[in-house]
Amino acid sequence: MFGSRKSPGPEQEGSTPAAYPGQGELYAASSRHSRPRRRAPRWVKAVVAVVSVLLLGVLAFGGYWAWRLQSNISTAALTAGGERTEGAVNDSTDRMQILVLGSDTRSGNNSEYGSADDSSGYGQSDVMMLLDISADNKHVNVVSFPRDLLVNIPACTDAKTGQKYPAQQGAMINSAMKQAGIGCAVDTVNKLTGLEIDHFMMADFNAVKELSNAVGGVDVCVSDAVDDPDSGLHLPAGTSQVQGEQALAFLRTRHGFANGGDLGRIKAQQGFLASLTRKLKSEGTLSNPQKVLTIADTVTKNLTVDSGLSSVPSLLTIANRLKNIDPASVNFITTPTVPAPQDPNRLVLDEPAASNFFAALRSNPDLSQPATAAPTQAPATPAAPAYDKALQPVSIANGTGVAGRSNAIAGLLSDAGFTKVTKLQATVRTQTMVYYSAGYEDVAADVAALFGLPAGSVQQVANIQGVQLSAGTDFVTGTKPAAPPSSADSGSVVAQTGSDQTCQATNTSGY
């Protein structure tokens with residue numbers, strides 16, 4: 001019948017299923033998405049979990065060490081009021097000078113080495129070295145300043161308290177930081193050398209012990225057996241490995257080496273550092289993360305730096321610059337000095353050798369070649385003195401041990417225009433000095449220049465009138481006193497390099 005609908009019958013084989021509402025592309029798409037996903041194998045999940053844990057562990061480990069090393073570091077002001085004309089250096093690429101100090105403080109872990117009174121205030125610098133790194137990282141100079149060196153310390157202000165301290169004349173360089181802090185030591189070395197130090201690092205006695213333990217000991221050599229009860233150093237002749245207390249004793253003894261003075265101690269310190277440098281390079285210590293962390297932890301726990309080095313990345317930058325330098329290019333140098341005329345147990349700069357050395361250091365970081373003298377200029381016509389030489393009271397104290405020697409010296413003064421001369425007999429002394437009373441500084445300087453005496457041989461005193469030339473056994477003949485022996489080497493100023501294996505000469509004269 002027209003318009004009637006057939007009843008649905010069984011589906012014919014091969015026929016197309018009848019469509020129904022909702023069937024089509026939209027349905028097909030939703031149908032595909034509703035199918036169950038294939039699950040990742042369990043081993044993949046396990047690997048992802050392990051990697052995640054490792055990454056978190058590495059991040060936590062790195063964060064912990066960064067926090068620990070950073071919290072170890074102590075800081076202090078770089079200067080104590082000294083003027084600076086140079087801007088901050090780029091620690092990664094510029095030539096850089098770092099003043100390295102060893103403090104004799106007896107506080108905290110160092111109390112066993114004496115009472116706090118032995119190192120009052122900020123303590124004194126038991127060791128003072130200038131670390132000079134070239135911009136291309138190919139040369140390193142390590143310049144030692146004897147702690148017995150007499151220098152002029154500038155006026156300094158304590159950055160913590162604001163207290164001001166006046167300038168000091170002829171003071172021992174190791175006392176520079178005693179009152180106003182490390183910054184005053186920096187200002188003193190700046191004044192002495194003509195450089196502007198970029199950073200400082202100061203460590204104490206405990207740092208030496210712990211660092212020597214961290215690297216497993218340092219090889220040192222002595223020519224004869226050493227038994228120094230003052231420092232506690234006890235070593236047989238030949239090569240030994242020192243660490244802990246013996247490493248500290250090796251660096252501190254001043255009676256055990258050479259003639260028992262500070263210069264022999266400096267040579268031993270340089271030999272120790274050269275040996276330490278070779279060990280760090282040869283054993284790949286700086287390429288071993290665990291060893292590096294141990295050393296970094298040891299160093300930072302006992303370290304005080306300026307604010308420019310007060311972050312772990314800054315210290316790592318310095319370490320990274322040093323790690324690839326050839327030990328043969330690490331030059332150990334001692335500032336040229338001579339015994340002080342007023343006290344043979346103290347030292348003064350050896351001029352003009354010291355001025356020539358500092359000039360060479362300022363101009364070129366490679367000091368492996370002999371230093372050349374500063375170019376001389378034609379002398380200008382000297383200005384007339386602001387006084388009448390014939391009216392100045394000058395006395396001669398004859399301490400030469402040669403009777404009548406003052407007559408010859410008086411003749412030299414008279415020829416130079418100093419005719420108001422008196423002669424005195426004095427006890428024998430070894431070195432010639434010029435003494436003067438207040439108001440006669442310019443006259444004393446001219447008398448010293450007449451006899452070729454350095455500035456360290458001129459001293460103001462209160463018990464004379466005018467100027468006194470105190471002649472010693474170095475002035476028994478001739479027109480000028482004989483030059484004292486110098487610590488400067490003939491030729492190259494470099495005492496040794498990091499590749500030199502030296503054996504320290506032992507003081508066999510007794511302590």
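**Cavities, sheets and a pocket in a predicted model**

The lining of the largest cavity divides into seven nonpolar, four polar and four charged residues. The structure described here is a predicted model. Two cavities of 30 Å³ or more are counted in it. The largest cavity holds about 70 Å³ of space. Its lining comprises 15 residues, and D126, V127, M128, F145 and R147 are the closest to the centre. Two elements, β3 (125-133) and α6, each give two or more residues to this lining. Strand β3 provides the largest share, with five residues.

The second largest cavity encloses about 60 Å³. Its lining includes I153, P154, A155 and C156. Y165, P166 and Q168 also belong to this lining. The remaining lining residues are S175, A176, Q179, A180 and C184. By class, nine of the residues around the second largest cavity are nonpolar and three are polar. No charged residue lines the second largest cavity.

Strand β3 also belongs to an open sheet of eight strands. The strand order is β1-β14-β9-β2-β3-β4-β15-β23, and the pairing is mixed. Strands β1 (74-76) and β23 (494-497) stand at the edges. Each has a single partner strand, so one side of each is left without a neighbour in the sheet. From one strand to the next, the twist averages 25°. Within this sheet, β9 (residues 199-203) and β14 (residues 303-306) run antiparallel and are joined by three bridges. M201 stands opposite V305 in β14. Helix α9 lies across β3, β4 (140-144) and β15 (330-334). The helix runs at about 150° to β4.

A further open sheet has five strands, in the order β19-β18-β22-β20-β21. Pairing is mixed here too. The edge positions are taken by β19 (421-425) and β21 (458-460). With a single partner strand each, both have one side without a neighbour in the sheet. Neighbouring strands are turned by 25° against each other on average, direction ignored. Strand β18 (residues 394-398) pairs with β19 in the parallel sense, over five bridges. In this pair, V394 stands opposite V421 in β19.

Two helices are placed against the five-stranded sheet. Helix α10 (residues 405-415) lies across β18, β19 and β22 (467-471). It runs at about 150° to β18. Helix α11 (residues 441-450) packs on the sheet and touches β20 (433-436), β21 and β22. The direction of α11 makes about 165° with that of β20.

Elements of the five-stranded sheet reappear in the lining of the second largest pocket, including β20 and β21. This pocket contains about 760 Å³ of space. It is lined by 25 residues. N152, Q169, G170, A455 and G456 lie nearest its centre. Several elements give two or more residues to the lining. Among them are β5 (150-153), β8 (168-172) and α3 (182-193). Strand β17 (343-349) and helix α9 (353-363) also contribute in this way, as does α11. Helix α9 therefore has a part in two settings: it lines the pocket, and it lies across β3, β4 and β15 of the eight-stranded sheet. The lining residues of the second largest pocket divide into twelve nonpolar, nine polar and four charged.Strand β17 also takes part in a hairpin with β16, with two residues between them. The two strands run antiparallel, and four bridges join β16 (residues 337-340) to β17. T337 stands opposite L349 in β17.

A search of the whole structure finds four aromatic pairs. One of them brings together F250 and F272. The ring centres lie 6.3 Å apart and the planes meet at 35°, so the pair is tilted. F250 sits in helix α5 (residues 245-252), and F272 sits in helix α6 (residues 262-282). The two residues are 22 residues apart, and the pair links distant parts of the chain. Helix α6 is also one of the elements that line the largest cavity.

Technical notes: Residues are numbered from 1 along each chain as its sequence is written. This is a predicted model: local features need pLDDT of at least 70, side-chain atom pairs count only at pLDDT 80 or more; totals for chains, interfaces and linings use all residues. Side-chain values use heavy atoms; hydrogens and water are left out. Two strands pair if DSSP finds at least two bridges between them. Axes are lines fitted to C-alpha atoms, for helices over the stretch in contact, and angles run from 0 to 180 degrees between N-to-C directions. Contact means heavy atoms within 4.5 Å. On a 1 Å grid over the protein atoms alone, a cavity is a set of points where a 1.4 Å probe fits but cannot get out, and a pocket is an open set with protein on both sides within 12 Å along at least five of seven lines; lining residues have an atom within 4 Å of a point. Grid points are joined across faces, edges and corners, and a volume is the space filled by probe spheres set on the points. Ala, Val, Leu, Ile, Met, Phe, Trp, Tyr, Cys and Pro count as nonpolar, Asp, Glu, Lys and Arg as charged, and the others, Gly among them, as polar. Rings of Phe, Tyr and Trp (its six-membered ring) pair if their centres lie within 6.5 Å; planes under 30 degrees apart count as stacked, over 60 as edge-to-face and the rest as tilted.
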